[in-house]
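Work through the exercises below with the coordinates open. Try each task before reading its solution.

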Amino acid sequence: MNPVLLEVKELCKDFGGLRAVDGVDFQVREGEIFSIMGPNGSGKTTIFNVITGFYPATEGRVFFRGEDITNLKPHTVARKGIARTFQLTAVFSRDTVFDNLVVGHRLRVKAGLLGTVFGGRQTRREESKCREKAEEILEFTGLTRDRSRIAGTLTQEAQKRLSIGMALATDPQLLLLDEPTGGVNFKEISNLVSLIEKIKKQGVTVCLIEHKMKVAMELPDRVMVLNYGRKITEGAPLEVSQDQRVIEAYLGKSYAA
Amino acid sequence: MRRLIILLLILLAFAIPFFVTSRFYLHILIMCFIWGMAASSMNLIMGYTGQVNLAHGAFFGIGAYAAGLLMLKLGLNFWPALILACIITVALGFFIGILALRTKGSYFAIGTLCFNVIVTVIIDSWEELTEGARGLLGIPRPDPIPLPFGGQIAFTSMPSYYYLVLVFLLLTLLVIYRIVHSMMGRSFLAIRGNEELAESIGIHGMRTKVLSFLISTALAGVAGVLYASYIGFLSPEISDYHVTFEFLIFCLIGGLGTLGGPLIGAFLLTVASELLHGVAVPRLVAYGFLLIIIIIFFRGGIMGGAQMLWLKVSGKGGR
């Protein structure tokens, strides 16, 4: 088995009196696609937000490559090699597709004040590194033809690809995708699915939140199911889909026979 | 095309003192340049980084007062005073910045506005240092720069001061241009676009905002120093929040987040208010109406409107 990349231990997150995530344990292994499933409000996005430092954890710890990254700031987590996308597709909507991708690589280069103002050679080199990265990602995500379009004018599906592309531009080892196919029509989903498969082939580990059965059953290697902030089961997709507790959580007691 | 226009404008600016000899017109132009510098520096934090800093007039005033006091009370030369005043402005800017930048959006605007009021009150009431409401009188012009082969550049005449301010204006614009078209500028724009997203791709939000804030205060400080040395007299009103709102209006009318916008705004309004001195319409009321029109019809100000027109004419539209 591949080594563990991300380990979440006994994670709890309270919002006031509400326990949104309640003692969740899981591990993501290098090179796999791991999916978190669960009905609305079961704490999936909250887990992402705690891992990436957008919310502080109430209890429990998060380890990335063996290093404790609990409660680090989002930009530090990104630097460590975890990139993410958001449930409501987030791109810099006033800028062009290319500019969106260039800034995605910002964290891997230096841009000092003096170098910037006096146009030092080092600064120029760093800048062209970001441009090269952006070109590479344009190609990889199939956005080459849209490179000079304003990001806000792209279709929802293309914006999803762009947001994934921006995350990839940070050179992550782990990519967290929050509903990568949310709000995308059925025909266009296969585009995104093949993109995610391509990402896996590149050696980037993927952890995703997914609702659509087609995606959730075919794409991941392993699935974890949450309900009311608790983990109810974990395993191969087919196995999990036949689990009584999962059917109960999704469809209610009467369907679980 | 664009480069040509800019080059011509710069040449024109350098040529003006040769055929404009009226002291009055040169005075207006010098004021345009100084206000243009101040508005451009405000544009860096507000237009490009998306943080509406309403303490900008205070930094202009701090720069002006710092230079004035250093020259009058410590007898410093203009040039060291310029550098020291800049450092003082940035130091105070850092203090205000790290406090105010913890807030976002309109809270940041209100917070900085409060700091602006505080600064003015301090300048007004710390009479032992600043002479309070009596003001600082007799701030000297810059000392001549000696040339290597004898002779010197003096700044006593109107045209010479015009050139001095023009050079500083061009330097300010160059610095802003360089920053905006660099990876640093891209992080500023990212913060403006979506701070959460920027954080998620590894941009340190706080550090980036503080940096932008400090660069803009430094540039405002320089503009303040030039003002102090040109006018020769300072009173606490120069740091007042009304000054901030003048800069704000210059930026909005010219076009936020464009390089030339604040300069154009400063030019139009400074020229208009000087020429319309005799007209009875109160200036701020006129500004108010202008602002309403801009906000409703030309969100991007004059530069934004020009860009839209250009896209339509050239058929590159489709936004």
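The radius of gyration used here is taken over C-alpha atoms, and the globule rule is 2.2 Å times the number of residues to the power 0.38. The model is predicted.

**Exercise 1. Overall form of chain B**

Task: Compare the radius of gyration of chain B with that of a compact globule.

Solution.
- Start with the length: chain B has 319 residues.
- For that length, a compact globule would have a radius of gyration near 20 Å.
- Chain B has 20 Å, so the two agree.
- Next, take the box along the principal axes: the C-alpha atoms fill roughly 55 × 50 × 45 Å.
- Finish with secondary structure: 14 helices and 4 strands.

**Exercise 2. Overall form of chain A**

Task: Count the helices and strands of chain A, then test the chain against the globule rule.

Solution.
- The count gives 10 helices and 10 strands.
- The rule gives 18 Å for 257 residues, and the radius of gyration of chain A is 19 Å.
- These values are close, so chain A is as compact as a globular protein of that length.
- Along the principal axes, the C-alpha trace spans about 70 × 40 × 40 Å.

**Exercise 3. Domains of chain A**

Task: Locate the domains of chain A and describe how they touch.

Solution.
- Domain 1 covers 4-91 + 172-255, and domain 2 covers 92-153.
- Over C-alpha atoms, the centres of domain 1 and domain 2 of chain A lie 28 Å apart.
- Domain 1 of chain A gives 4 residues to the contact, and domain 2 of chain A gives 6 residues.
- On the domain 1 side, 3 are nonpolar, none is polar and 1 is charged.

**Exercise 4. A helix pair in chain A**

Task: Classify the packing of H3(A) against H5(A).

Solution.
- Two packed helices are described by the angle between their axes and the distance between the axes.
- The axes of H3(A) and H5(A) come within 8 Å and cross at roughly 120 degrees.
- That angle makes H3(A) oblique to H5(A).
- The crossing of this pair is right-handed.
- H3(A) contributes A:Phe98, A:Leu101 and A:Val102 to the contact.
- H5(A) contributes A:Cys130, A:Arg131, A:Ala134, A:Ile137 and A:Leu138.
- By class, the contact holds 7 nonpolar residues, no polar ones and 1 charged.

**Exercise 5. A helix pair in chain B**

Task: Repeat the analysis for H4(B) and H10(B).

Solution.
- Helix H4 of chain B runs over residues 78-100, and helix H10 of chain B over residues 205-231.
- Their axes are 8 Å apart, at an angle of about 140 degrees.
- The cut-off for roughly antiparallel is over 145 degrees.
- H4(B) is therefore oblique to H10(B).
- H4(B) passes H10(B) in a right-handed crossing.
- Residues of H4(B) in the contact include B:Phe78, B:Gly93 and B:Ile98.
- H10(B) meets them with residues including B:Phe213, B:Gly221 and B:Ser229.
- The contact has 14 nonpolar, 6 polar and no charged residues.

**Exercise 6. Where the chains meet**

Task: Which helices of chain A each supply at least two residues of the side that touches chain B?

Solution.
- Begin with the totals: 28 residues of chain A contact 21 residues of chain B.
- The helices of chain A that qualify are H2 (74-80), H3 (97-104), H4 (113-118) and H5 (121-141).
- By class, the chain A side has 13 nonpolar, 8 polar and 7 charged residues.

How values were computed
Residues are numbered from 1 along each chain as its sequence is written. Chains are lettered from A and ligands numbered from 1 in the order in which they are written. This is a predicted model: local features need pLDDT of at least 70, side-chain atom pairs count only at pLDDT 80 or more; totals for chains, interfaces and linings use all residues. Two residues are in contact if their C-beta atoms, placed from the backbone, lie within 7 Å. Ala, Val, Leu, Ile, Met, Phe, Trp, Tyr, Cys and Pro count as nonpolar, Asp, Glu, Lys and Arg as charged, and the others, Gly among them, as polar. Domain bounds come from an automatic or database domain assignment. Axes are lines fitted to C-alpha atoms, for helices over the stretch in contact, and angles run from 0 to 180 degrees between N-to-C directions. Angles under 35 degrees count as roughly parallel, over 145 as roughly antiparallel, 65 to 115 as roughly perpendicular and the rest as oblique. A crossing is left-handed if the near helix is turned anticlockwise from the far one by less than a right angle, and right-handed if clockwise.
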